[in-house]
Every structure is written in structure tokens, then in C-alpha cells.
Amino acid sequence: SLDSIVIPANITTINGAQFNGCTGLKYIEFAEAETEIEVDNASGLQAKYTAGSGDAAVDYISTLEEVVVNRPMTAMQPAKNPWRGNTSIKKVTFGGKCTAVYSNMFENCTSLTEVKLPLNLTSASQEVFRDCSSLESVTIQHNVYHIGSSAFGGCALESVIIPASVTSIYSGAFDSNVTIYGYDETYAQTY
């Protein structure tokens with residue numbers, strides 16, 4: 001049974017059910033590359049995919065625990081997000097070549113406990129980790145300038161350090177009970 005895989009740098013698209021039946025997959029890594037990779041939920045990477053009205057939900061990978069993203073990544077269509085709602089993912093690591101994360105990328109991944117945003121990331125997109133109810137720790141790097149609406153809403157964060165580089169934080173980016181730490185005379189103080 002396949003339990004781990006590294007997607008090579010020359011692959012630019014994953015779709016069409018390549019991972020259907022990989023029920024023991026625990027670890028997936030996207031090799032370092034400058035080029036963006038598009039991932040579709042029909043790839044079989046998601047824990048559950050509902051094809052449409054009246055169609056039965058199909059269980060795919062409910063064992064995936066760790067995702068390592070070392071390159072820019074987008075969803076082919078926002079509604080076809082392979083990670084959204086995966087309740088088995090516990091850890092997400094972004095490498096230095098990852099410069100973008102898309103909206104709702106890991107939304108509702110309720111077992112996710114740890115995230116380190118990449119050094120080259122400039123924006124935490126809206127709802128990127130929304131409702132990750134077990135997420136207790138997030139490291140926001142010094143290059144981030146924007147944190148989107150509900151980016152970390154519904155998480156288990158108690159506190160977060162906002163770097164001086166952040167110039168905008170949209171409403172609901174963090175729950176109201178989260179203690180925000182920032183540097184003197186920075187945007188974090190006004191949030």
C-alpha cells in the first residue's frame with residue numbers, strides 16, 4: 001500500500017482521479033519548483049468529494065496526515081479544492097518556493113494542529129484556514145503584508161504574533177478571543 005509520495009517538479013497538473021484507491025496514503029509532498037501546480041478535487045486527494053446534486057459522496061483519502069507544499073499551488077476551480085474539509089490532515093508545511101496559497105485551501109481541516117506559512121508568502125488568503133478547529137499554532141512570516149477575511153476564523157488559536165510587514169487585516173481574520181501581539185507603531189496595534 002502506498003503511504004507516501006513526492007510529486008516531481010515537472011508535474012504541473014493533478015486531476016482525473018490519479019490517487020483514487022490510495023487509501024493508505026499518509027504523506028504527500030510537492031517537490032520544489034518555480035512553476036505553479038494546479039490540483040483538482042477529482043484527483044482523489046480529498047477525503048470526500050460530492051460530485052453534485054443527487055450523486056453519492058465518494059470517500060478517497062481519509063488517512064492523509066501531512067502535506068508539504070514546496071511550490072505555488074492553485075485549485076483549478078475554487079469549488080474543486082482537494083484539501084478542504086479533509087479531517088485527517090494534521091500538519092501543513094510550506095517550503096520557500098511556495099509564494100501563494102489560495103482561498104479556502106485548508107478550510108475545515110478539523111485535525112490540523114500546526115501550520116508554518118512560507119517565507120516568501122505575501123498574503124494569507126481569505127478563509128485559507130477557516131474552521132480548522134484544532135489549529136493551535138501558526139507562524140506568520142515577516143514578508144506577509146495582508147491577512148484575508150476569516151483566514152484563521154474558527155481556529156483554536158489563543159494568540160498570534162503579527163509581523164511588522166502586515167499592512168492590512170480584514171474583518172474576522174481571527175476570532176475575537178485571540179490575543180494579537182504586534183510591534184509598536186504597526187498595523188497590528190490598530191486591529
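Which strand holds Ile161? Ile161 belongs to strand 14, made of residues 159–161. The legends below start from the whole chain and then move through the close-ups. This is a predicted model in which local features need pLDDT of at least 70 and side-chain atom pairs count only at pLDDT 80 or more, while totals for chains, interfaces and linings use all residues. Residues are numbered from 1 along each chain as its sequence is written, and side-chain values use heavy atoms, with hydrogens and water left out.

**Figure 1. The chain as a whole has one helix and 16 strands.** Helices (H or I, at least four residues) and strands (E, at least two) are DSSP runs, numbered from the N terminus. The chain has 191 residues, and 46% of them count as buried. Here buried means under 20% relative accessible area, exposed means over 50%, and partly exposed lies in between (1.4 Å probe, protein chains only). The chain exposes about 8,800 Å², with carbon and sulfur atoms supplying 45% of that area. Accessible areas come from the Shrake-Rupley method with a 1.4 Å probe, and for residues only the protein chains shown count as cover. Among contacts with a separation of 6 or more, 41% come from residues 24 or more positions apart; a contact means heavy atoms within 4.5 Å.

**Figure 2. Ile161, Tyr181 and Tyr183 make a nonpolar surface patch.** The patch covers about 350 Å². Patches are built from residues with over 30% relative accessible area and no salt bridge; like charges are joined within 9 Å, and nonpolar side chains (Val, Leu, Ile, Met, Phe, Trp, Tyr) within 5 Å. Ile161, the patch member from strand 14, counts as exposed because its relative accessibility is 52%.

**Figure 3. Strands 11, 13 and 15 form an open sheet.** The three strands follow the order 11-13-15, with parallel pairing. Strand 11 (123–124) and strand 15 (168–169) stand at the edges with a single partner strand each, so one side of each has no neighbour in the sheet. Two strands pair if DSSP finds at least two bridges between them. Strand 11 and strand 13 (residues 146–147) run parallel and are joined by two bridges. For a place to start looking, find Ser123, whose bridge partner in strand 13 is His146.

**Figure 4. Salt bridges join Arg84, Glu107, Glu127, Arg130 and Asp131 into one network.** Side chains of opposite charge can pair when their charged atoms come close. The rule used here asks for a side-chain nitrogen of Lys or Arg within 4 Å of a carboxyl oxygen of Asp or Glu, and by this rule the count comes to four salt bridges. Arg84 and Glu107 meet at 2.8 Å, N to O. Arg84 lies in the loop between strand 8 (73–75) and strand 9, and Glu107 in the loop between strand 9 and strand 10, so this pair ties together parts that are 23 residues apart in sequence. Glu107 also meets Arg130, at 3.8 Å, N to O. That pair links distant parts of the chain, since Arg130 is in the loop between strand 11 and strand 12, 23 residues from Glu107. Arg130 in turn meets Asp131 at 3.6 Å, N to O.

How buried or exposed are the network's side chains?

- Arg84 is partly exposed, at 36% relative accessible area.
- Glu107 is buried, at 9%.
- Glu127 is buried, at 19%.
- Arg130 is partly exposed, at 29%.
- Asp131 is partly exposed, at 31%.

**Figure 5. Asn108 and Glu127 have positive phi values.** Asn108 has phi near 60°, a positive value in a residue other than glycine. Asn108 sits in the loop between strand 9 (91–94) and strand 10 (114–116) and is partly exposed, at 37% relative accessibility. Glu127 is not a glycine either, yet its phi is positive at about 55°. The place of Glu127 is the loop between strand 11 and strand 12 (137–139).

**Figure 6. Cys109 and Cys132 are not joined by a disulfide.** A disulfide is a pair of cysteine sulfur atoms within 2.5 Å, and a search of the whole structure finds zero. Why is there no bond between Cys109 and Cys132? The sulfur of Cys109 is 5.1 Å from the closest cysteine sulfur, in Cys132, which is too far for a bond. Cys109 is buried, at 0% relative accessibility, and Cys132 is buried with a relative accessible area of 0%.
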